[in-house]
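Student: I am new to this structure, and I would like to go through it with you. Could we take it one question at a time?

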Amino acid sequence: MHDLEQRLEQLTAGEGLALIADLFPGKVVFSTSLGQEDQVITQLIASQNLPIQIFSLDTGRLFPETLELLARTESKYKTRIKVYYPETTSVEKLVADIGINGFYESVENRKSCCFVRKVEPLKRALARNKVWVTGLRAEQSANRSAMKRIEWDEANQILKYNPLLDWGFDEMLAYIQEHKIPYNPLHDKGFISIGCAPCTRAILPGEDARAGRWWWEESKKECGLHAK
Ligand code: SF4
């Protein structure tokens with residue numbers, strides 16, 4: 001793994017994705033939440049026609065703008081993004097137990113909701129694959145700064161590859177502009193990190209990028225997808 005990390009360090013994000021697709025044929029998947037970082041990776045995969053399956057998790061609580069962007073992205077890159085949904089019976093039980101918006105009432109409820117709507121579908125999406133590509137950047141939050149370009153994800157038993165690890169925010173925006181990559185119109189309204197509608201708000205200038213996620217909590221601002 002150390003050797004692979006060193007090889008990837010010498011490559012651009014696009015070259016790294018091509019190398020990973022080549023080393024693990026048919027076993028590389030990319031999870032997109034349609035955020036800005038993820039849109040860059042979708043463009044890098046699509047423009048090189050790499051054999052990497054792109055998928056997204058529709059929690060049932062996303063912004064309409066996010067779903068509209070998904071359709072727009074498929075159309076622009078002439079690709080299909082595989083969409084995973086939560087198990088119907090699990091969602092029905094969750095809502096019966098905690099209420100439709102019970103995630104505001106406790107961290108435990110919120111984690112239960114994230115588990116049913118995100119973590120379990122993610123496990124299904126990652127099963128039988130060898131590499132999970134993500135759009136994580138080290139500067140996004142304190143608990144992401146210790147990440148490596150390629151690392152073992154114990155919770156999901158898969159290698160995790162973070163091609164944009166060293167990218168700065170401005171560098172990412174410049175890339176999006178230069179390549180005319182479609183992005184969520186909510187970004188222009190102060191939303192930086194966009195997740196489910198009831199759990200995301202716009203942030204003020206100078207606030208941490210993830211401050212708009214689960215803003216009523218004092219937690220680490222992670223939903224369990226990228227827990228170490
Ligand atoms: S972000 Fe909010 S609505 Fe979405 S799965 Fe987590 S708790 Fe539920």
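Student: Is cysteine 114 buried or exposed?

Tutor: Happy to start there, and keep in mind that this is a predicted model. Buried means under 20% relative accessible area. Cysteine 114 has a relative accessibility of 7%, so this residue counts as buried.

Student: Which helix holds cysteine 114?

Tutor: Let's look along the chain for the helix that spans residues 107-126. Cysteine 114 falls within that stretch, and its name is helix α6.

Student: Which residues does UniProt list under "binding site", and what is the largest C-alpha distance among them?

Tutor: The unreviewed UniProt entry gives that feature to Cys113, Cys114, Cys196 and Cys199. They are spread over 87 residues of sequence, yet they cluster in space. Cys113, Cys114, Cys196 and Cys199 are also included in the lining of the second largest cavity. The largest C-alpha distance among them is 11.1 Å.

Student: Where is cysteine 199, and what is it in contact with beyond its sequence neighbours?

Tutor: Cysteine 199 sits in the segment after α7 (169-178). Its relative accessibility is 8%, so cysteine 199 counts as buried. Setting aside neighbours within four places in sequence, its contacts are Phe103, Gly212, Arg213, Trp214, Trp215 and Trp216.

Student: Why are the buried residues of α5 on the same side of the helix?

Tutor: Good one! The buried residues in α5 (residues 88-98) are Val91, Leu94 and Ile98. An α-helix has 3.6 residues a turn, so residues three or four places apart point the same way. Around the axis of α5, the buried residues are on the same side because they cover an arc of only 60°.

Student: Which exposed residues are on the other face of α5, and which helix is part of the cover over its buried residues?

Tutor: The face turned away from the buried side carries exposed Thr88, Thr89, Glu92, Lys93, Ala96 and Asp97. Over the buried residues of α5, the cover includes α6.

Student: What is the phi of glycine 99?

Tutor: Glycine 99 comes just after α5. Its phi is positive, at about 95°.

Student: Which helix gives the largest share of the lining of the second largest pocket?

Tutor: That pocket holds about 150 Å³ of space. Its lining includes Phe169, Leu173, Tyr183 and His187, and by class there are seven nonpolar, three polar and one charged residues. The largest share, four residues, comes from α7.

Note on methods. Residues are numbered from 1 along each chain as its sequence is written. This is a predicted model: local features need pLDDT of at least 70, side-chain atom pairs count only at pLDDT 80 or more; totals for chains, interfaces and linings use all residues. Side-chain values use heavy atoms; hydrogens and water are left out. UniProt positions are given in the numbering used here, feature names are shortened, and annotations may be inferred rather than shown by experiment. On a 1 Å grid over the protein atoms alone, a cavity is a set of points where a 1.4 Å probe fits but cannot get out, and a pocket is an open set with protein on both sides within 12 Å along at least five of seven lines; lining residues have an atom within 4 Å of a point. Helices (H or I, at least four residues) and strands (E, at least two) are DSSP runs, numbered from the N terminus. Buried means under 20% relative accessible area, exposed over 50%, partly exposed in between (1.4 Å probe, protein chains only). Contact means heavy atoms within 4.5 Å. The arc is that of the directions from the helix axis to the C-beta atoms. Grid points are joined across faces, edges and corners, and a volume is the space filled by probe spheres set on the points. Ala, Val, Leu, Ile, Met, Phe, Trp, Tyr, Cys and Pro count as nonpolar, Asp, Glu, Lys and Arg as charged, and the others, Gly among them, as polar.
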